[in-house]
Amino acid sequence: FTVEREGERGDEFRLNPHGRYSHGQDYLAAVLQANGFSILEMIPGVVRIEFGKPVHGLAVAARKE
């Protein structure tokens, strides 16, 4: 799955003005592991272009243990 990545503020997550959430990488990893998932990969990159600007996020591969 992909998620928007939380920027420099280091928040766990936040609801953005456009109505979508962004997540901190450490927070996302902790939530996945706490719920029985092992993280196979977590790769930063651009998840889409919005209004002509890149939206940075994470591509995540996880497996339920």
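Guide: Two strands pair if DSSP finds at least two bridges between them. Helices (H or I, at least four residues) and strands (E, at least two) are DSSP runs, numbered from the N terminus. This is a predicted model, in which local features need pLDDT of at least 70 and side-chain atom pairs count only at pLDDT 80 or more, while totals for chains, interfaces and linings use all residues. Residues are numbered from 1 along each chain as its sequence is written, and side-chain values use heavy atoms, with hydrogens and water left out.

Visitor: How many bridges join strand E4 to E5?
Guide: E4 covers residues 37-50 and runs antiparallel to E5. The bridges joining E4 to E5 number 12.

Visitor: In E5, which residue is the bridge partner of Pro 44?
Guide: E1 (residues 2-5) also pairs with E5, in the antiparallel sense over 3 bridges. There, Val 3 stands opposite a residue of E5, Leu 58. In E5, the bridge partner of Pro 44 is Leu 58.

Visitor: Which element gives the most to the largest nonpolar core?
Guide: A nonpolar core is a set of buried (under 20% relative accessible area, 1.4 Å probe, protein chains only) Ala, Val, Leu, Ile, Met, Phe, Trp, Tyr and Cys residues joined through side-chain atoms within 4.5 Å. The largest has 7 residues, including Val 3, Leu 28 and Leu 58. Two or more residues come from each of helix H1 (25-34) and strand E5 (53-64). With 3 residues, the element that gives the most to this core is H1.

Visitor: Which strand does E1 run parallel to?
Guide: Glu 4 stands opposite Ser 22 in E3. Joined to E1 by 2 bridges, the parallel strand, residues 21-23, is E3.

Terms used:
Buried < 20%, exposed > 50% of the residue type's maximum accessible area, 1.4 Å probe, protein only.
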